[in-house]
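Here are my notes on this model, set out point by point. Please read them with the coordinates open.

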Amino acid sequence: MASDTAKNLRKECAARSRRTIRLNSLGAGVSAPKRGMKKIINQPEHVVSEMLQGIAKAYPALIYTPGVEVISRRNQGDQVGLVSGGGSGHEPAHAGYVGAGMLSAAVSGNVFASPSPDRVLEGIHLANTGKGVLLIIKNYSGDIMNFTMAQELAEMENIPVRAVVVRDDVAVPDSTFSTGRRGIAGTVFVHKCAGAKAAEGGSLDEVARVAQKAADNVRSMGFAMTPCILPGVGKPGFVLAEDEVEIGMGIHGEPGVERTAMRPSQEIARILVDKILADYDFTGGETALMINGLGGTPLMELYILENDVQDYLKEKGIKVYSTFVGNFMTSLEMAGSSVSLLKLDDELKLLLDAPCDTPALKR
């Protein structure tokens, strides 16, 4: 029975891979970006593989596996493996977090599209050192389905696999691409804490426990000021007026909670933080704060927003222990930002402070 199930799963993986190949071939023969689209690319259908090749060349400690679009550590060490991933276009997530103290491998799908199960399975193989593998999955329907299928295939190969799903976005209860809350930039905190636990020699169960603990204690809320342009499409996926922003928009352009006129940074800070605090009690302890840019927002503006968020949190009696400002999970060139708060205890503080060495985060 198990053998038949494995065969059926592998057939489904092969079918999904063929569909992916057909999708990739839709742009075959294109020798330049679409007219009116200004992007530093060659052929739109090659953006993912060429980006990952560039990452591996820039960081010799990492390896690119072509075809399955996986970035992994050259030296995996002797620890539990950590695998994450999802659609491309959110860089540095997730390949930028592969390295000592964080992920063992990251699996990339096409732009804004989940990686197929065979790609995720290869990521599991590359991360596996014999101590099991933890999958960290953002809550999107395609990711849940494909990572779960890969987990089942790996378990049939006697590889112990656990999975933790991140649902940190408080904007909406359900979305275009998810049942339940979306996983967004707070996922990086889960990578960091779980990666530190794995690096110190934690068992698969211990690493999964820490990842779940971080996922349970993180909340995020964002907003968008401009749309983004997918390389294979060549035009924005939605339109915002010159003076309009969308509160709660997702990282794929999913609808948020409201469209409103552009506000001063202080007002935006209060809107985002109020939504987070209405969902979870961050009083009575310390927090980690992340101000995440969506790809097209200058650092100047991110630091202005961070300053206003810090001041508002102080008014609310919430103590910030550690602050992260930058582009951690983007949406191509979308302008906007998200705020993430992680409630800390002594264990999570130690793990957050532990050393890591990845292209996108070093401690």
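**Notes on the predicted model**

1. Start with the hairpin of β1 and β2. Four residues lie between its strands, and G67 takes a positive phi near 90° there. The model is a predicted one, and this applies to every point below. The two strands run antiparallel and are joined by four bridges. Across the pair, Y64 stands opposite I71 in β2. By residue number, β1 covers 62–65 and β2 covers 70–73.

2. Next comes helix α2, residues 47–58. This helix has twelve residues. From first C-alpha to last, α2 reaches 16 Å, close to the 16 Å expected at 1.5 Å a residue. Its buried residues are V47, V48, S49, L52, I55 and A56. Which strands do the buried residues of α2 pack against? They pack against β1, β2, β3 (81–88) and β4 (105–111). The hairpin strands of point 1 are thus among the partners of α2. A general remark on spacing: an α-helix has 3.6 residues a turn, so residues three or four places apart point the same way.

3. Helix α2 also matters for the second largest pocket. The volume of this pocket is about 230 Å³. Its lining has 14 residues, and I40, I41, V47, M51 and P231 are the closest to its centre. Which element gives the most to the lining of this pocket? That is α2, with four residues. V47 deserves a second look: V47 is buried in α2 and is also one of the residues closest to the pocket centre.

4. Now the open sheet. Six strands make it up, in the order β9-β8-β7-β12-β10-β11, and the pairing is mixed. Why do β9 and β11 each have one side without a neighbour in the sheet? β9 (258–261) and β11 (319–326) stand at the edges with a single partner strand each, so one side of each is left free of a neighbour. On average, neighbouring strands of this sheet are turned by 20° against each other, direction ignored.

5. Within that sheet, check β10 and β12. β10 spans residues 286–293 and β12 spans residues 336–344. Eight bridges join these two strands, which run antiparallel. One bridge to inspect is that of E286, whose partner in β12 is L344. Helix α5 (residues 187–199) lies across β7 (218–224), β10, β11 and β12. Its direction is at about 125° to β10.

6. The loop between β3 and β4 calls for a check of omega. Most residues other than glycine have a negative phi, and most peptide bonds are trans. A cis peptide bond joins E91 and P92, with omega about 15°. P92 sits in the loop between β3 and β4. The bond from A93 to H94 is cis as well, with omega near 5°. H94 lies in that loop too.

7. Finally, two positive phi values outside glycine. F112 has a phi of about 60° and belongs to the loop between β4 and α3 (117–127). N158 has a phi of about 65° and is found in the loop between α4 (141–156) and β6 (161–166). Are these two residues buried or exposed? F112 has a relative accessible area of 16%, so F112 counts as buried; the cut-off is under 20%. N158 has 69% relative accessibility and therefore counts as exposed, the cut-off being over 50%.

Key:
Residues are numbered from 1 along each chain as its sequence is written. This is a predicted model: local features need pLDDT of at least 70, side-chain atom pairs count only at pLDDT 80 or more; totals for chains, interfaces and linings use all residues. Side-chain values use heavy atoms; hydrogens and water are left out. Two strands pair if DSSP finds at least two bridges between them. Axes are lines fitted to C-alpha atoms, for helices over the stretch in contact, and angles run from 0 to 180 degrees between N-to-C directions. Contact means heavy atoms within 4.5 Å. The expected span of a helix is 1.5 Å times one less than its number of residues. Buried means under 20% relative accessible area, exposed over 50%, partly exposed in between (1.4 Å probe, protein chains only). On a 1 Å grid over the protein atoms alone, a cavity is a set of points where a 1.4 Å probe fits but cannot get out, and a pocket is an open set with protein on both sides within 12 Å along at least five of seven lines; lining residues have an atom within 4 Å of a point. Grid points are joined across faces, edges and corners, and a volume is the space filled by probe spheres set on the points.
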